[in-house]
Amino acid sequence: MHITGEMKMVDVVQKDIQLLAVIQRLNIPLGFREKSVKEVCQEQEVDLQFFLSLANAFHDKEYFKVEYFKDFPVTWLINYLKSAHKCYIEYRIPEIERQIINLEKQVDAKEKNMGLLLKFFRDYIREFTSHIEQEEANVFPYIIELADRIKDLENGKIDSLGEDEFSITGYLDDHNNIEETLFDLKNILLKFLPPPVENCEYNNLIYDIFRLESDLLDHADMEEGVLFPRVHEMEYRLNEAIKKQG
Ligand SMILES: [Fe+2]
Ligand SMILES: [Fe+2]
């Protein structure tokens with residue numbers, strides 16, 4: 001399916017329920033009635049092209065092309081990513097943790113595996129949370145600052161650039177793949193742990209981890225494939241302007 005503005009929003013979501021994540025991150029409320037994608041976006045003051053690019057990229061990995069995102073303000077991308085962070089930290093991760101604790105309660109006291117799993121997951125949460133905090137506290141504000149300086153540059157206000165070179169390369173190179181650890185966790189579950197009492201609950205846990213993992217892969221694609229190249233481009237423009245000035 002290629003999502004267009006003329007389609008009914010309800011049909012789009014019916015065909016791919018995962019798109020609810022995109023809709024939620026853009027703060028679009030449900031209750032679409034018979035409205036088209038275009039009408040819903042207009043009503044919620046969401047840019048139609050931005051919505052279509054995100055929804056199509058999310059729905060069809062083949063569609064994902066960095067060029068589709070190159071003209072949107074970086075602040076839109078950052079708001080979208082922040083909204084995803086909030087959802088992971090406040091809901092998805094606690095929900096997985098709750099399920100692990102619940103399963104741990106059901107297994108035999110001699111069974112150490114669930115305890116180990118919980119420890120593995122808690123370590124993961126710590127790493128994941130600090131990754132997100134770092135982005136929210138340092139990386140995103142820095143990118144917004146770059147975008148502001150670019151605006152200054154375009155308006156001829158070159159004085160505000162200062163003399164220091166803009167560079168975030170060190171951080172971006174280290175942008176570690178937090179989804180890899182999640183893959184490890186799923187692997188441990190699938191390979192080594194015997195399903196405890198409640199098989200259905202156990203499967204649900206694996207399914208939730210799987211979904212989070214795939215979501216995080218998309219998230220990392222958006223950061224590494226779309227946002228960070230924009231950062232390099234902005235830094236390059238600003239550093240060239242500083243050089244010329246000096
Ligand atoms: Fe992120
Ligand atoms: Fe990240």
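Biologist: Why does Glu-45 count as exposed?

Modeller: In this predicted model, Glu-45 has a relative accessible area of 73%. The cut-off for exposed is over 50%, so Glu-45 is exposed.

Biologist: Where is the place of Glu-45?

Modeller: Glu-45 is found in the loop between H3 and H4.

Biologist: And what is notable about phi of Glu-45?

Modeller: Phi of Glu-45 is near 55°, a positive value, and the residue is not a glycine. As background, most residues other than glycine have a negative phi. Asn-27 is another non-glycine residue with a positive phi, of about 60°. Asn-27 sits in the loop between helix H2 (20–25) and helix H3 (37–44).

Biologist: How do you know whether Asn-27 is buried or exposed?

Modeller: The relative accessibility of Asn-27 is 63%. Exposed means over 50%, so Asn-27 counts as exposed.

Biologist: Let's turn to charged pairs. What makes the contact of Glu-95 with Arg-98 a salt bridge?

Modeller: The closest N and O atoms of Glu-95 and Arg-98 are 3.0 Å apart. A salt bridge needs a side-chain nitrogen of Lys or Arg within 4 Å of a carboxyl oxygen of Asp or Glu, so Glu-95 and Arg-98 form one. Both residues lie in helix H5 (residues 74–106), 3 residues apart, about one turn of the helix.

Biologist: Why is Glu-95 called buried, and what does Arg-98 count as?

Modeller: Glu-95 has 18% relative accessibility. Buried means under 20%, so Glu-95 counts as buried. For Arg-98 the value is 45%, which is between the two cut-offs of 20% and 50%, so Arg-98 is partly exposed.

Biologist: How do you know that Lys-157 and Asp-152 meet in a salt bridge?

Modeller: Their side chains are 3.8 Å apart, N to O. The limit is within 4 Å, so the pair qualifies. Salt bridges with shared partners join Glu-145, Arg-149, Asp-152 and Lys-157 into one network. Within this network, Asp-152 is buried at a relative accessible area of 10%, while Lys-157 is partly exposed at 49%.

Biologist: How many salt bridges does the count come to?

Modeller: The count comes to 17 salt bridges. One of them joins the side chains of Lys-70 and Asp-71 at 3.7 Å, N to O.

Biologist: Now for the rings. How many aromatic pairs does a search of the whole structure find?

Modeller: The search finds 7 aromatic pairs. Among them are Phe-50 and Phe-72.

Biologist: Why is the pair of Phe-50 and Phe-72 called edge-to-face?

Modeller: The ring centres of Phe-50 and Phe-72 are 5.0 Å apart and the angle between the planes is 70°. Rings pair if their centres lie within 6.5 Å, and planes over 60 degrees apart count as edge-to-face, so the pair earns that name. Phe-50 lies in helix H4 (residues 48–59) and Phe-72 in the loop between H4 and H5, so the pair ties together parts that are 22 residues apart in sequence. Phe-50 and Phe-72 are both buried.

Biologist: What makes the pair of Phe-72 and Trp-76 stacked?

Modeller: The planes of Phe-72 and Trp-76 are 25° apart, with 6.0 Å from centre to centre. Stacked means planes under 30 degrees apart, so the pair of Phe-72 and Trp-76 is stacked. Ring pairs link Phe-50, Phe-69, Phe-72 and Trp-76 into a cluster. In this cluster, Trp-76 is partly exposed, with a relative accessible area of 31%.

Biologist: Pockets are next. What volume does the largest pocket have, and which residues lie nearest its centre?

Modeller: The volume of the largest pocket is about 480 Å³. Its lining has 21 residues, and Gln-18, Ala-21, Arg-92, Arg-211 and Asp-215 lie nearest the centre.

Biologist: Which element gives the most to the lining of the largest pocket?

Modeller: H9 gives the most, with 7 residues. By class, the lining of the largest pocket holds 9 nonpolar, 3 polar and 9 charged residues. Domain 1 (9–64) and domain 2 (72–245) each contribute at least three residues to this lining.

Biologist: How much space lies in the second largest pocket?

Modeller: About 300 Å³ lies in the second largest pocket. H6 supplies the largest share of that pocket's lining, 6 residues.

Note on methods: Residues are numbered from 1 along each chain as its sequence is written. Chains are lettered from A and ligands numbered from 1 in the order in which they are written. This is a predicted model: local features need pLDDT of at least 70, side-chain atom pairs count only at pLDDT 80 or more; totals for chains, interfaces and linings use all residues. Side-chain values use heavy atoms; hydrogens and water are left out. Helices (H or I, at least four residues) and strands (E, at least two) are DSSP runs, numbered from the N terminus. Buried means under 20% relative accessible area, exposed over 50%, partly exposed in between (1.4 Å probe, protein chains only). On a 1 Å grid over the protein atoms alone, a cavity is a set of points where a 1.4 Å probe fits but cannot get out, and a pocket is an open set with protein on both sides within 12 Å along at least five of seven lines; lining residues have an atom within 4 Å of a point. Grid points are joined across faces, edges and corners, and a volume is the space filled by probe spheres set on the points. Ala, Val, Leu, Ile, Met, Phe, Trp, Tyr, Cys and Pro count as nonpolar, Asp, Glu, Lys and Arg as charged, and the others, Gly among them, as polar. Domain bounds come from an automatic or database domain assignment.
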